[in-house]
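Here is a short tutorial on reading a protein model. A learner asks, and a teacher answers.

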Amino acid sequence: MYFVVFCCALSAQETTGRVHAVIISGGMNKLMNHERYWNDCAFLYRTLRQDCRFARQDITLLISDGGEPERDMLLADGSGFATSPADLDGDGERDVWLPATIAQIESSLNELAAQLTTNDHLFVFLMDHGGRDDNQQSYAWVWGGERLYDTRLAQLLDNFHVASIGIVVGMCYSGGYIEELQADNRVIVASCADNEQSWACRDKPYDEFVYHWTCAIAGHDPDGNAVSADTDGDGYVSMSEAFSYARQHDRREETPQYSSTPLALGEQWSLSKHLGNGISESWVESKEERDYKYYDLLGRAVAAPLDAERKYLKKTNAKQSFRPSPIIIIYPQSR
C-alpha cells in the first residue's frame, strides 16, 4: 500500500504577504498615446492575472484617460484614433477605471502605501513617453501633458514600508530613474540608459525591451508560443532572469539597465504566485529511499532529497523565499 504526503510550505500570504502590482501608462495625449503602450500593459496584465495568478484587487491600473469612451489612442497602422479598451484581458469586464494623471498617480500610490504592510511587496511598471530636462532629470509624460519626474516617483515610493519593491521602467531615458529610485530591497529594470531613447518593435505593435521582459515572465509570447527564461530550471522567472532574457533578445539601439539592492534580491524576486491547483497522482513502486520521487503542484518532478536523520524536506531552492512552491512527496507506506 502506498500513500502521498503533502509537505506544503505556508502560503505566500501567510509567510511574506501579498504582492501588489501597479501598471502606469500615461500616453501624454491622443496624438502621442500609441497603441503599443496599451498592448504592453494589456500583455502584462494578462500575464499577472492568468500566468501569475494575481487577484484582480491586487493590481492597480492607471492608463491614459482611465477607460473613458473618448478616442484617446493613436492606432499602430496610422489609420487614426480609437478608444483604448478598458477591458485588458478580453473577459468582458472593465479593468481600467483610473486615469494616469499626476493627481491620480499620487493619490493611488499614497492610498496603497497606507494599506500595504511590512510583509508585503510592491511591483511598479511604468510605460510612457519619456524625456530628459536641462538638469539631466528623467521624466515620463503622463496623461494631460504633465511630467512624472524620477524624483517625484522616488518620493512616492519612499512612503512604502514594504518588504521589497520591483520596478520596470520602459520609456526613453528610463535609465535616469535608477539613480533616484535605488534603495534597500529594491530591484529596478530600465529599457535604456539615461541618455538614450527606447524603441518600439519593428515587427509588432509593442515596445521592444518590455515586450521581451513580459514574454520572459509569462513563459510565452502574446500568441502563446513558448519562451524559456528560467535559466536555472527552478520553475520561477526572477527579475534577474527576465532582465537577462530581455536584454539578450533586444534588437534595437538601446542599452537596458539593471539594479538590485542587495545584489541577490533580483535573483530571488519573482512575480510567480499560486502555482498550480493540484496534480494527477503519480506512484512509485520502489521501497528504496533513493528512488522516492517528488513533484510540485504542476506535476513536475523536482529535486528535493530528504534529510536522512531529521526526515524533513530540505529547502533546496533559495529563490522560493518569496513564493514557496508546495512539494508533494510520494513514497511507499512501508518506509
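The dialogue below goes through the model one feature after another.

Q: Where do I start, and what kind of model is this?
A: Start with its origin: this is a predicted model. Then take the overview. The secondary structure of the chain comes to eight helices and 14 strands. The chain has 335 residues, and 53% of them count as buried.

Q: What share of the contacts join residues at least 24 apart in sequence?
A: Take the contacts between residues at least 6 apart in sequence; 70% of them join residues at least 24 apart.

Q: How do I read the length of a helix, say helix 2?
A: Compare an expected span with the span in the model. Helix 2 has 17 residues, so at 1.5 Å a residue it should span 24 Å. Its end C-alpha atoms are 23 Å apart, which agrees.

Q: How many residues of helix 2 are buried?
A: An α-helix has 3.6 residues a turn, so residues three or four places apart point the same way. Now the case here. Helix 2 is mostly covered, with twelve of its 17 residues buried. Among them are Trp38, Phe43, Leu44, Thr47 and Leu48.

Q: What do the buried residues of helix 2 pack against?
A: Their partners are strand 2 (19-25), strand 3 (59-63), strand 4 (73-74), strand 6, strand 7 (129-132) and helix 6. Look also just past the end of helix 2: arginine 53 has a positive phi of about 65° there.

Q: Helix 6 is on that list of partners. How many of its residues are buried?
A: Helix 6 covers residues 208-218, and eleven of its eleven residues are buried. They include Phe209, Tyr211, Trp213 and Ile217, but also Glu208 and His212. The cover includes helix 2 (35-51), strand 6 (121-127), strand 10 (164-169), strand 11 (186-190) and helix 7 (239-249). Glycine 219 follows helix 6, with a positive phi near 85°.

Q: Take one residue in helix 6, threonine 214. Is it buried or exposed?
A: Threonine 214 counts as buried, because its relative accessibility is 1%. Setting aside neighbours within four places in sequence, threonine 214 is in contact with Phe43, Leu44 and Thr47. Those three are among the buried residues of helix 2.

Q: Which residues touch the most other members of the largest nonpolar core?
A: In soluble globular proteins, nonpolar side chains tend to be buried together. The largest nonpolar core here has 48 residues. Ile23, Leu48, Phe123, Phe125, Trp213 and Leu271 touch the most other members. Strand 2, helix 2, strand 3, strand 6, strand 11, helix 6 and helix 7 each supply at least two residues of this core.

Q: What is leucine 48 in contact with, beyond its neighbours within four places in sequence?
A: Leucine 48 is in contact with Ala21, Ile23, Arg53, Phe54, Ile59 and Leu271. There is also a second, separate core of 31 residues, including Ala154, Val169, Met171 and Leu181.

Q: How many disulfides are there?
A: Judge by the distance between sulfur atoms; the cut-off is 2.5 Å. The count comes to zero disulfides. Take cysteine 172: its closest cysteine sulfur, in cysteine 192, is 6.0 Å away, too far for a bond. Both are buried, cysteine 172 with a relative accessible area of 15% and cysteine 192 at 0% relative accessibility.

Q: How do I read a sheet, and in what order do strands 7, 8 and 9 come?
A: Strands of a sheet pair through backbone hydrogen bonds, either parallel or antiparallel. Here three strands form an open sheet in the order 7-8-9, with antiparallel pairing. Strand 7 and strand 9 (146-149) are the edge strands, each pairing on one side only. From one strand to the next, the twist averages 40°. Four bridges join strand 7 to strand 8 (residues 138-142). In one of the pairs, serine 138 in strand 8 is the bridge partner of arginine 132.

Q: Which helix packs on the sheet?
A: Helix 3 (residues 102-115) does, touching strand 8 and strand 9. Its direction makes about 35° with that of strand 9.

Q: What does glutamate 146 in strand 9 touch?
A: Leaving out residues up to four places away in sequence, glutamate 146 touches Thr101, Ile102, Ala140 and Trp141. Its C-alpha atom is 6.8 Å from that of isoleucine 102, 44 residues apart along the chain. Glutamate 146 is partly exposed, with a relative accessible area of 36%.

How values were computed:
Residues numbered from 1 in each chain as written. Predicted model: local features only at pLDDT ≥ 70, side-chain atom pairs only at ≥ 80, totals over all residues. Heavy atoms only, no water. Buried < 20%, exposed > 50% of the residue type's maximum accessible area, 1.4 Å probe, protein only. Contact = heavy atoms within 4.5 Å. Expected span 1.5 Å × (residues − 1). Core = buried A, V, L, I, M, F, W, Y, C linked by side-chain atoms within 4.5 Å. Pairing = 2+ DSSP bridges. Axes fitted to C-alpha atoms, helices over the stretch in contact; angles between N-to-C directions.
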